[in-house]
Amino acid sequence: MENVYFYEMEEWYSETHKTWNKVAQRYEEKFMDLELYNDSYQRFCDELSRPDASLLEIGCGPGNITRQLLKRNPKLNILATDVSKNMIDLAKKNNPGIEVQVLDGRNLKSIKNKFDGIISGFTIPYLSKSDSQKLLRDCTRLLNEEGVLYLSFVDGDYGQSGFVSGSSGDRTYFYYHQLETIKQTLEENNMNTVEVFKKAYQRSDENAEWHTILILKKI
Ligand SMILES: C[S@@+](CC[C@H](N)C(=O)[O-])C[C@H]1O[C@@H](n2cnc3c(N)ncnc32)[C@H](O)[C@@H]1O
């Protein structure tokens, strides 16, 4: 894993992004109304310092989290971003009042303004360790004081990362990240941990996996 060539990793990214664009509609059908994480969305909203908070979402998918947040607080000002154009179109269809932008989470430097909250649901599983670390540092830079960060991922051994295939046979490159490493990077960048959620997600009849959700606040 450490010796992967840059161009090889770029090919993994390219395949992964194409897959997400292709499966956008199916992802919407399956996950738009999932209730498993609702208490974590509520906690994120409770931590925001203002009712009309400005939020940046990274890897918004079809706008499933966006919709849950707006349901809890319709005054939120949300810029939802994703690398997939099809996901962005669905996010806008499902949340007509939001701003949207096609954006790779590796290129957050193009965003100039700051936010009261940043939410990134299951997007770092599609970023390498160094790109995730960069995203975390970018997030802390883009947050106002007392800004809140919501991150979800699968806590595991980075060395086990690799391609996974969905029911259609299309592949994504899936990266495991370690909770302690992520917490450490963020705490070194002036973020305090507010709460860690662990959710058992039943992938199939035989397979369950633990999903980790981390909520932090900028000091
Ligand atoms: C598992 S889905 C999560 C969707 C939604 N946030 C949720 O939690 O249900 C992963 C999303 O990350 C997006 N994504 C993958 N790599 C990305 C990247 N480099 N930059 C931005 N979005 C990315 C995919 O297009 C997809 O919409």
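Let's start where two helices touch: Trp 20, Asn 21 and Lys 22 of H1 meet Ala 24, Arg 26 and Tyr 27 of H2. Keep in mind that this is a predicted model. Sorted by type, the residues of this H1–H2 contact come out as three nonpolar, one polar and two charged.

How do the two helices sit relative to one another? Two packed helices are described by the angle between their axes and the distance between the axes. Here, the axes of H1 and H2 (residues 24–31) come within 4 Å and cross at roughly 60°. That angle is why H1 counts as oblique to H2, since the oblique class takes in whatever is not under 35 degrees, over 145, or 65 to 115.

Now over to the ligand. Tyr 27, which we just met in the H1–H2 contact, turns up again here: 20 residues surround the ligand, and Tyr 27 is among the closest, along with Gly 59, Asn 64, Asp 82 and Gly 105. Helix H1 (6–22) has a part in this too, as H1 and helix H4 (64–72) each supply at least two residues of the shell. By type, the shell holds ten nonpolar, eight polar and two charged residues.

Which atoms pair up with the ligand? Asp 82 puts a polar side-chain atom 2.6 Å from a ligand oxygen. Asn 64 has a side-chain N or O atom 2.7 Å from an oxygen of the ligand. With Gly 59, the backbone does the job: one of its polar backbone atoms is 2.7 Å from a ligand nitrogen. As for how covered the ligand is, on its own it exposes 590 Å², and the protein buries 97% of that.

Conventions. Residues are numbered from 1 along each chain as its sequence is written. This is a predicted model: local features need pLDDT of at least 70, side-chain atom pairs count only at pLDDT 80 or more; totals for chains, interfaces and linings use all residues. Side-chain values use heavy atoms; hydrogens and water are left out. A residue is near a molecule or strand if one of its heavy atoms lies within 4 Å of it. A polar contact is a pair of N or O atoms within 3.5 Å; within protein, one must be able to donate a hydrogen and the other to accept it, and residues adjacent in sequence count only if both atoms are side-chain atoms. Accessible areas come from the Shrake-Rupley method with a 1.4 Å probe; for residues, only the protein chains shown count as cover. Ala, Val, Leu, Ile, Met, Phe, Trp, Tyr, Cys and Pro count as nonpolar, Asp, Glu, Lys and Arg as charged, and the others, Gly among them, as polar. Axes are lines fitted to C-alpha atoms, for helices over the stretch in contact, and angles run from 0 to 180 degrees between N-to-C directions. Contact means heavy atoms within 4.5 Å.
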